[in-house]
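Subject: The structure you asked to see

Hello,

Here is the structure I promised to hand over, with the sequence alongside. Have a look at it first, and then read on for what turned up.

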Amino acid sequence: MSHQPDLIIANATVVNSTGRQEAHILVHHGKITELIDAAQPVPAADRTIDATGKLVIPGGVDGHCHVAQVTGRFRTLDDYRTTSTAALWGGTTTIIDFGIPRDAQETPLAAVLHKKELATQSRCDVALHGAVVSWDETVPWQLEQLAAEGVRSVKMYTTNRGTTMADGDTILKVMREMVRLDGLAYIHAEHDPIITDCTEQHAQDGRIGIEHLHRTRPELAEEISVKETLAMAEYTGAPVYFVHQSTPGAVDLVSQARERGIDAYSETCPHYVTLDDSVYASTFPEWFACCPPMRCPETVAALKERLAAGAIHTMSSDHSCYDLSQKRERTDDVRAMPHGLPGVETRMPVTFTAMTSAGASVEQFVSAFAAEPARINAVPGKGRIAEGFDADLVVFDPAEERTVNGAALHMGTDFSPFDGKALTGWPAVVVSNGRVVLDADGFHDPGAAGRFLHRNGFRQHQSASDAAHLPAAAL
């Protein structure tokens, strides 16, 4: 090696999704340049951090964040500076946001370009998903432009009639385009006619306040929508990724589809494996307004079992930064209040605690937290500690326990759905692109240093990932 490293993480227990080793991690110009066996002397470096007794894992990749999101008359209160700072505090070094048209006048391409401009203020690396609400003759060209921008996935909602919902014709046509452009279909799956009918019946009965949210969106609505979408994916040959799955039945449908050879993936969120529908009878039910809602304890337990067993591929936050004043405007009617929870900063400890308490290994945690989000979303250079990969690293003591204080977090809102919970798996040191942004002295703002990441084609990236002999640059 010809240059002295900028940084060495010495005496580390390095944990990737594929295994662990004792090593010194050498970092230069934002890249991991070498891993040296920990039995060897520690080389000289500009800075050395001793990780004796700690675990070192890849920086987290959160594949599902909503930053500065406009939904109807509500806008989340964050911006890229706020959310990316909170992500780094929580051990996540890459976030993937969505460019969702705010109304019928904004095109999918314009929505993505707007978010790309906002992302220039990000402190961590950023990638984007596109979104299509309705089909017209310009959509194929717009999707080509998105692919050229490095945006290789498109989200579609099967519910939210009149706002973000895409009909079946649109979903099927976009899936065909994803096959043509080597992209990935992202799906929010809830059966709209069932949701609409169930919600209207509850409204007629006077049971439409937040305390009834879980009854207005039944598990059946999620599972039948997953089943219909998988049929379209099988018909078109498109890879498909289901966001925030909240029932074991939905996960099982994906597992069965994969057994038939369909490229299908399951994502869940920290709140679906740690909180149940009793929260809607609590003192502050508005803290838990999200769609899908929290499920019954038996469903939560079964979903957690699937996560620990490896049937769920990724754990994302679905971060949405509304505050309590927005949530409390219309707690009398779930149809009129903003849904979504802040979670980008707590994703690591909630996931670590949930998975290890269910018997999962740290390697499995790394898979759901960083490796699989990077691989499935075709993000190059992320999700692994190895020579040639980006120097995104998290050092932590797996035995250290802290209690969540929502007011002390950095997400730009005034609550956390995990407030008061004792969790393990908090980051002690965070390195983003070779910069130490969090250590014992606190947070060190790197400025607007986050890069916009051009993602690879879906199948191109999966093929490269499977070929372990290829250099890291190929990923």
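Both faces of strand β12 are covered: Leu184, Tyr186 and His188 are buried on one side, and Ala185 and Ile187 are buried on the other. That accounts for the strand as a whole, since 5 of the 5 residues in β12 (residues 184-188) are buried. Please keep in mind that this is a predicted model.

What does β12 pair with? One partner is strand β11 (residues 153-157), which runs parallel to β12 over 5 bridges. Within that pairing, serine 153 has leucine 184 of β12 as its bridge partner. Another partner is strand β13 (residues 240-242), again in the parallel sense, with 3 bridges to β12. There, tyrosine 186 stands opposite tyrosine 241 of β13. If you follow the chain from β11 through helix α4 (residues 168-180) to β12, you trace a right-handed β-α-β unit.

Strand β10 (residues 125-131) is worth a look next. All of it is buried, 7 of 7 residues, so β10 is largely enclosed by the rest of the structure. On one side the buried residues are Asp125, Ala127, His129 and Ala131; on the other they are Val126, Leu128 and Gly130. Strand β9 (residues 92-98) pairs with β10 in the parallel sense over 5 bridges, and phenylalanine 98 has histidine 129 of β10 as its bridge partner. β10 also pairs with β11, in parallel, over 2 bridges, where alanine 131 stands opposite lysine 155. A right-handed β-α-β unit is found here too, made of β10, helix α3 (residues 139-148) and β11.

Now for the sheet that holds these strands. It is an open sheet of 8 strands with parallel pairing, in the order β6-β9-β10-β11-β12-β13-β14-β15. Its edge strands are β6 (60-62) and β15 (314-315), each of which pairs on one side only. β6 runs parallel to β9, joined by 3 bridges, and valine 61 has threonine 94 in β9 as its bridge partner. Helix α4 packs on the sheet, where it touches β11, β12 and β13, and its direction makes about 170° with that of β11. Helix α8 (residues 248-259) lies across β13 and β14 (264-268), running at about 155° to β14.

On to the interior. Which residues touch the most other members of the largest nonpolar core? They are Ile57, Ile95, Leu143 and Met294, in a core of 96 residues. The element that gives the most to this core is helix α12 (residues 362-376), with 6 residues. Apart from this core lies another one, of 20 residues, including Leu7, Ala386, Ala391 and Val429. To see one of the well-connected members for yourself, try isoleucine 57. Leaving aside neighbours within four places in sequence, isoleucine 57 is in contact with Val15, Met348, Phe365, Val366, Phe369, Ile385, Asp392, Leu393, Val394 and Phe396.

A smaller stop along the way is threonine 199, which has its place in helix α5 (residues 192-204). Is threonine 199 buried or exposed? Its relative accessibility is 9%, so threonine 199 counts as buried. Not counting residues up to four places away in sequence, threonine 199 touches Ile208, Thr216 and Arg335.

Last, the cysteines. How many disulfides does the structure hold? The count is 0. Cysteine 124 is in no disulfide, and the nearest cysteine sulfur, that of cysteine 65, is 8.1 Å away. With a relative accessible area of 0%, cysteine 124 is buried. Why does cysteine 296 form no bond to cysteine 290? The sulfur of cysteine 290 is the closest cysteine sulfur to that of cysteine 296, but the two are 15 Å apart, which is too far for a bond. Cysteine 296 counts as partly exposed, because its relative accessibility is 24%.

Enjoy exploring, and write back with any questions.

Best wishes

Key
Residues numbered from 1 in each chain as written. Predicted model: local features only at pLDDT ≥ 70, side-chain atom pairs only at ≥ 80, totals over all residues. Heavy atoms only, no water. Buried < 20%, exposed > 50% of the residue type's maximum accessible area, 1.4 Å probe, protein only. Helix = DSSP H or I, 4+ residues; strand = E, 2+ residues; numbered from the N terminus. Pairing = 2+ DSSP bridges. Right-handed = clockwise from strand over helix to strand, strands pointing away. Contact = heavy atoms within 4.5 Å. Disulfide = S-S within 2.5 Å. Core = buried A, V, L, I, M, F, W, Y, C linked by side-chain atoms within 4.5 Å. Axes fitted to C-alpha atoms, helices over the stretch in contact; angles between N-to-C directions.
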